[in-house]
Amino acid sequence: MKIRLAAAIAAVALPASLLTATVQTPSADAAARHFKSCAALNKVYHHGVGMPGAKDHTSGKRVTNFKKSAALYKANNGPRNPRTGEYDLDRDNDKIACEKR
């Protein structure tokens, strides 16, 4: 009787553990792509990347068609990282990196 009970518990526990292992997804920050320069970023995101709700700081026409993604923006903004070779790609600090029309 004890053997059947142990086998039944194992039969239920194994599929449950497999289910939780397949449901886990990587965080958005882990999946965010890093670029070394604006030229490299603009090849993929032609008008730049920025935080949702960001406004372009310019005296002319504002860029509004940039990719809106907090994870992508954070991955490509900040001080130079010598380990990865990344640079600060939002030089005017308007929460949009590498914006262009």
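Is Ala40 buried, partly exposed or exposed? In this predicted model, Ala40 is partly exposed, with a relative accessible area of 29%. The residue belongs to helix H3, which covers residues 38-44. Its C-alpha atom is separated by 9.8 Å from that of Cys98, although the two residues are 58 positions apart along the chain. Ala40 and Cys98 thus offer a handy starting point for a tour of the protein.

The overall plan comes next. The protein contains four helices and three strands, and reading along the sequence gives the pattern α-α-α-β-β-α-β. Of its 101 residues, 26% count as buried. The accessible surface comes to about 7300 Å², and carbon and sulfur atoms account for 60% of that area. Contacts across the sequence can be followed as well: among those between residues at least 6 apart, 54% join residues at least 24 apart.

How are the three strands ordered in the sheet? They form an open sheet in the order S2-S1-S3, with mixed pairing. Strand S2 (67-68) and strand S3 are the edge strands, each pairing on one side only. Strand S1, made of residues 49-50, pairs with S3 in the antiparallel sense over two bridges. Within this part of the sheet, Val49 stands opposite Ala97 of S3.

Both Val49 and Ala97 also appear in the largest nonpolar core. This core has eight residues, and the other members are Phe35, Leu41, Leu72, Tyr73, Leu89 and Cys98. Leu72 is a good residue to look at in the structure above. Setting aside residues up to four places away in sequence, Leu72 touches Ala32, Arg33, Tyr45, Val49 and Lys67. One of these partners, Val49, is itself a member of the core.

Phe35, another core member, takes part in the one aromatic pair that is counted in the model. The rings of Phe35 and Tyr45 have their centres 6.2 Å apart and their planes at 90°, so the pair is edge-to-face. Phe35 sits in the loop between helix H2 (28-31) and H3, whereas Tyr45 sits in the loop between H3 and S1, and the two are 10 residues apart. Phe35 counts as buried because its relative accessibility is 4%, below the 20% cut-off. A ring also features in a second arrangement, this time with a lysine: Lys68 lies over the face of Phe66, at 4.4 Å from the ring centre.

Which loop holds Ser69? Ser69 lies in the loop between S2 and H4. Its relative accessible area is 15%, so this serine counts as buried. Apart from neighbours within four places in sequence, Ser69 is in contact with Gly50 and Pro52. Gly50 falls within S1, the strand of residues 49-50.

The loop between H4 and S3 offers two further residues to visit. One of them is Asp88, which counts as partly exposed at 26% relative accessibility. The C-alpha atoms of Asp88 and Asn76 are separated by 6.6 Å, with their positions 12 residues apart along the chain. Leaving aside neighbours within four places in sequence, Asp88 is in contact with Asn76, Asn77 and Gly78.

The other is Asn93, in the loop between helix H4 (70-75) and strand S3 (96-97). Asn93 has a positive phi of about 55° although it is not a glycine. Its relative accessible area is 53%, which makes Asn93 exposed.

Cys98 brings the tour back to where it began. This residue lies in the segment after S3. Like Asn93, which has a positive phi, Cys98 has a positive value, near 60°, and is not a glycine. Is Cys98 buried or exposed? At 6% relative accessibility, Cys98 counts as buried, whereas Asn93 is exposed. Cys98 is also one of the residues of the largest nonpolar core, and its C-alpha atom is the one separated by 9.8 Å from that of Ala40.

Note on methods
Residues numbered from 1 in each chain as written. Predicted model: local features only at pLDDT ≥ 70, side-chain atom pairs only at ≥ 80, totals over all residues. Heavy atoms only, no water. Core = buried A, V, L, I, M, F, W, Y, C linked by side-chain atoms within 4.5 Å. Buried < 20%, exposed > 50% of the residue type's maximum accessible area, 1.4 Å probe, protein only. Contact = heavy atoms within 4.5 Å. Pairing = 2+ DSSP bridges. Areas by Shrake-Rupley, 256 points an atom, 1.4 Å probe, with all protein chains shown as cover. Phe/Tyr/Trp six-rings, centres within 6.5 Å; stacked < 30°, edge-to-face > 60°. Lys NZ or Arg CZ within 6 Å of the ring centre and 35° of its normal.
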